[in-house]
Amino acid sequence: MTKMARASREEQLAKVLLSDIANRGLKCGDSYYSTAEVCKLLSVGGAYANRALGVLERRGVIERRQRTRAIIVNPSPLPVNSVSRISLLTCENFVRLERDEMSFFFKGVQSVFPKSILNIMYVPTEMNGAFIGELKSRLQESAGREAFILASVPYFVQAEFAKINCPSVILGSRHAGITGIPQIEENHEQGIQLIFEYLARRGRKNIIGLMRNIVFSGDLPVLDMFTRTATPFEKRLRCISAEPELLNAAVADLLRESPSVDAFICRSLPYVEAVCSAMKQKGLTPGKDVDVISCVHYQHEGCIALRREISLQETYTMGAELLKRIISGQKVEDYYVPVNLT
């Protein structure tokens, strides 16, 4: 049986279970059948019973627990087109640093949910009980009418979403220990490998990596690959504040203290701009005297940049498409966006 046929069969069985829940008038908090009982009800084997229950779980109808019956959490799931709001959860600092992110979010998500309200919700960078309480209340009140895209949010926010059954997708890296939420992430291993191969071909010997001192989840794979990958050249990593005055001064000091540096690898746009500004003051040319490589899709004159094979707007569109599939009860896998160096 093909994957498409299996998915169709699972949906048919899930509809029977939904009808059963409605016919029996089950409410939030009521217990539901075990896998064995579903086998008997549907006259199917354990695999299909599990898959049918899995569809209900992904749609937020039931919550499943080990060695006990499922619990009804939302007996009347809403259709995909009834999701009235799509919210982007992110840190205000991230939005300030990644300046074009918001326009890509609005354009990308509107192409999939044209009638839904789009909303931006800023989250704190550190654990905040008041925020978590507000978020829990909001999720309860939305009753499945709101879906979420989590972009560069801290661990405790991802952890809270992992505990609840609500349509959500992570754009960027999922923190260690977080499960149950699909992610759309750049292929960082491929990207760093491409950068190192390029610098080796250029004969570079002294490399400095620059990244934020406040580390977002997407920075961790880059940090890991940068530090553990064997290279034929010397490499150092500096974590510096992205505040313009502090950053510009720190990069100017690096150039003065490291006259032999012949390449910078910059995690985001502010670091690219700071390096190019400092080089200009010293009469150096990016790409000629010193290579400047950006790990994000932004490109500065004379610099090389990693580029996703899909645009940021297309990434948000993909995130919205995954939300649509999650809401309809389909199983969703992680997606790693290929990159190239241009």
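User: Does Arg228 count as buried or exposed?
Analyst: A good place to start, and please keep in mind that this is a predicted model. The relative accessibility of Arg228 is 54%. The cut-off for the label is over 50%, so Arg228 counts as exposed.

User: Which residue forms a salt bridge with Arg228?
Analyst: Look within helix 9 (residues 219–228), where the two partners are 4 residues apart and so separated by about one helical turn. In an α-helix, residues three or four places apart point the same way, because there are 3.6 residues a turn. The closest N and O atoms of this pair are 2.7 Å apart. The partner is partly exposed, with a relative accessible area of 36%, and its name is Asp224.

User: Which residues do salt bridges that share partners join into one network?
Analyst: Here the clue is the sharing of partners, which links salt bridges into one network. For context, the structure holds 13 salt bridges. The residues joined in this network are Arg202, Arg204 and Asp291.

User: How many residues apart in sequence are the parts tied together by Asp334 and Arg174?
Analyst: These two side chains form a salt bridge, with their closest N and O atoms 2.7 Å apart. Asp334 sits in the loop between helix 12 (312–327) and strand 13 (335–337), while Arg174 sits in the loop between strand 6 (168–171) and strand 7 (183–186). The pair therefore ties together parts whose separation in sequence is 160 residues.

User: What is the relative accessibility of Arg174?
Analyst: Let's take its partner Asp334 along the way: that residue is partly exposed, with a relative accessible area of 29%. Arg174 also counts as partly exposed, since the label covers values between 20% and 50%. The value for Arg174 is 24%.

User: Which residue of the salt bridge between Arg24 and Asp20 is buried?
Analyst: The side chains of Arg24 and Asp20 meet at 3.2 Å, N to O. Arg24 has a relative accessible area of 40%, so it is partly exposed. The other partner has 13%, and buried means under 20%. The buried residue is therefore Asp20.

User: At roughly what angle do the axes of helix 2 and helix 3 cross?
Analyst: The axes of helix 2 (residues 35–42) and helix 3 (residues 46–58) come within 9 Å. The two helices are roughly perpendicular to each other, because an angle of 65 to 115 degrees earns that description. Their axes cross at roughly 105°.

User: How many residues of the contact between helix 2 and helix 3 are nonpolar?
Analyst: Helix 2 brings Thr35, Val38, Cys39 and Leu42, and helix 3 brings Gly46, Ala49, Asn50, Ala52 and Leu53. Among these residues, 3 are polar and none is charged. The number of nonpolar residues is 6.

User: What does helix 11 reach from its first C-alpha to its last?
Analyst: Helix 11 covers residues 269–281, which is 13 residues. At 1.5 Å a residue, the expected span is 18 Å. The model comes close to that, with a reach of 19 Å.

User: Which residue with a positive phi follows helix 11?
Analyst: Within helix 11, the buried residues include Leu269, Tyr271, Val275 and Met279. Just past the helix comes a residue whose phi is near 75°. That residue is Gly283.

Methods:
Residues numbered from 1 in each chain as written. Predicted model: local features only at pLDDT ≥ 70, side-chain atom pairs only at ≥ 80, totals over all residues. Heavy atoms only, no water. Expected span 1.5 Å × (residues − 1). Buried < 20%, exposed > 50% of the residue type's maximum accessible area, 1.4 Å probe, protein only. Salt bridge = Lys/Arg side-chain N within 4 Å of Asp/Glu carboxyl O. Axes fitted to C-alpha atoms, helices over the stretch in contact; angles between N-to-C directions. Parallel < 35°, antiparallel > 145°, perpendicular 65-115°, else oblique. Contact = heavy atoms within 4.5 Å. Nonpolar A, V, L, I, M, F, W, Y, C, P; charged D, E, K, R; others polar.
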